[in-house]
Amino acid sequence: MFLSLKTAAVALTLFAATNAQQSIQALLASLGPAPAGDPRFTNFTPPGSGDVRSPCPGLNSLANHGFIHHNGKNMTIPHLLVGLAQGMNIGADFTIAIGGAGLLSSPNPLAGSFDLNDLDEHNFPIEHDASLSRQDAYFGNDYSFYNPNWQMVLSHYAGKTQTDIPTASAAKYSRVNNSMQINPTFTYGLREFILSYGETALYLQTMSDPVSGVANIDYIRSMFEQEKLPYALGWRPSTSPITLPSLGNMVFELYTANPAAAPEGAKVTADSYKDIFEFIVGGSQAFNNLTGGFSSAVGL
Ligand code: HEM
Ligand SMILES: [Mg+2]
């Protein structure tokens, strides 16, 4: 009797685990950009009273268009997977990697969700100094758009209508130098170094494609300055997904275009971007617990 009960319990656990894996696989297989003409692309509603936003112009834009909850709350991995894929053709591997890191900013990471304003948390897991369009936390507000810093970035693109890798890299580096000079608590180790290259790769790729690094500057300005998808300007989500490898390759290209040495004597490769998320979350087992099995489903 005892044995058969135990066997039944094991069978039930296996059944539940198999079911969970199957529903994860089904969700992953269903992901992709929303069709042209989806009303969310043109339905732009800035945050209202009670809505929360983040230091991330990408997530804020997706919330302003309703691809993720407009109130900015209760961001779970499945919700982000669908919203980021539909709005910007972000691949599941990247959403799970950065979404897992994002969960660590929640007051209760194992509950499986965060609110966009949790992401303001400084120096861990994601937010860092020398942002392109935000002030350093030392100056009080690390989450709102801050035009003087953004103009520093844009000045590098003066006279151009499109981005390119060397200019994007130089623009990012100038923000680092500026913060280093004015912020007595400036913090910029390997995590910040890699993540910030990743953010430059993100604006380049989401506003163009996962390879070229050539995006219209008007599109980028719309996303940063208004937190609005530039659909009316002609932008469409990339036809191929933006993935951890595509971003990792561009992190490496941006790094190679820049004379600054990596901190902590690190060797930067195309895998560094993926590795930094595993490092932040504490290895693949911790990642899998945190994301409810999603990270192992995409090989993290
Ligand atoms: C779950 C997914 C995501 C999370 C948790 C997340 C989180 C963050 C956080 C915390 C920051 C602040 C870093 C800093 O101090 O600058 C940030 C910055 C940024 N994120 Fe996201 N992000 C996500 C997805 C995206 C997507 C899909 C895009 C696409 C455009 C994006 C683009 C950016 C950019 C360009 C920055 C740099 C902003 C700046 O330097 O001013 N992110 N993100
Ligand atoms: Mg910052």
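Begin with the contacts within the chain of this predicted model. Among contacts with a separation of 6 or more, 66% join residues 24 or more positions apart. Displaying the whole chain in the viewer allows such pairs to be traced.

Next, switch to a cartoon representation. The chain comprises 12 helices and 0 strands, and its pattern along the sequence reads α-α-α-α-α-α-α-α-α-α-α-α. Its radius of gyration is 20 Å, close to the 19 Å that the globule rule gives for 300 residues, so the chain is as compact as a globular protein of that length. Aligned with the principal axes, a box of roughly 80 × 50 × 35 Å holds the C-alpha atoms.

Now turn on the surface. About 13000 Å² of the chain is exposed, and carbon and sulfur atoms supply 59% of this area. Of the 300 residues, 49% count as buried.

Colour the side chains by charge. The selection should show 14 positive and 23 negative side chains. The centres of these two sets lie 4 Å apart.

Finally, select ligand 2, the magnesium ion. Which residues coordinate this ion? The coordinating residues are Glu-127, through OE, His-128, through O, and Ser-131, through OG. The distances to the magnesium ion run from 1.9 to 2.2 Å. Along the chain, the donors follow the spacing E-H-x2-S. Are His-128 and Ser-131 buried or exposed? With the surface still displayed, one may inspect both positions: His-128 is buried, and Ser-131 is buried as well.

How values were computed. Residues numbered from 1 in each chain as written. Chains lettered and ligands numbered in written order. Predicted model: local features only at pLDDT ≥ 70, side-chain atom pairs only at ≥ 80, totals over all residues. Heavy atoms only, no water. Donors = N, O, S within 2.8 Å, 3.2 Å for Na, K, Ca; no water. Buried < 20%, exposed > 50% of the residue type's maximum accessible area, 1.4 Å probe, protein only. Helix = DSSP H or I, 4+ residues; strand = E, 2+ residues; numbered from the N terminus. Rg over C-alpha atoms; globule rule 2.2 N^0.38 Å. Contact = heavy atoms within 4.5 Å. Areas by Shrake-Rupley, 256 points an atom, 1.4 Å probe, with all protein chains shown as cover. Lys, Arg positive; Asp, Glu negative; His and termini not counted. Charge placed at Lys NZ, Arg CZ, Asp CG, Glu CD.
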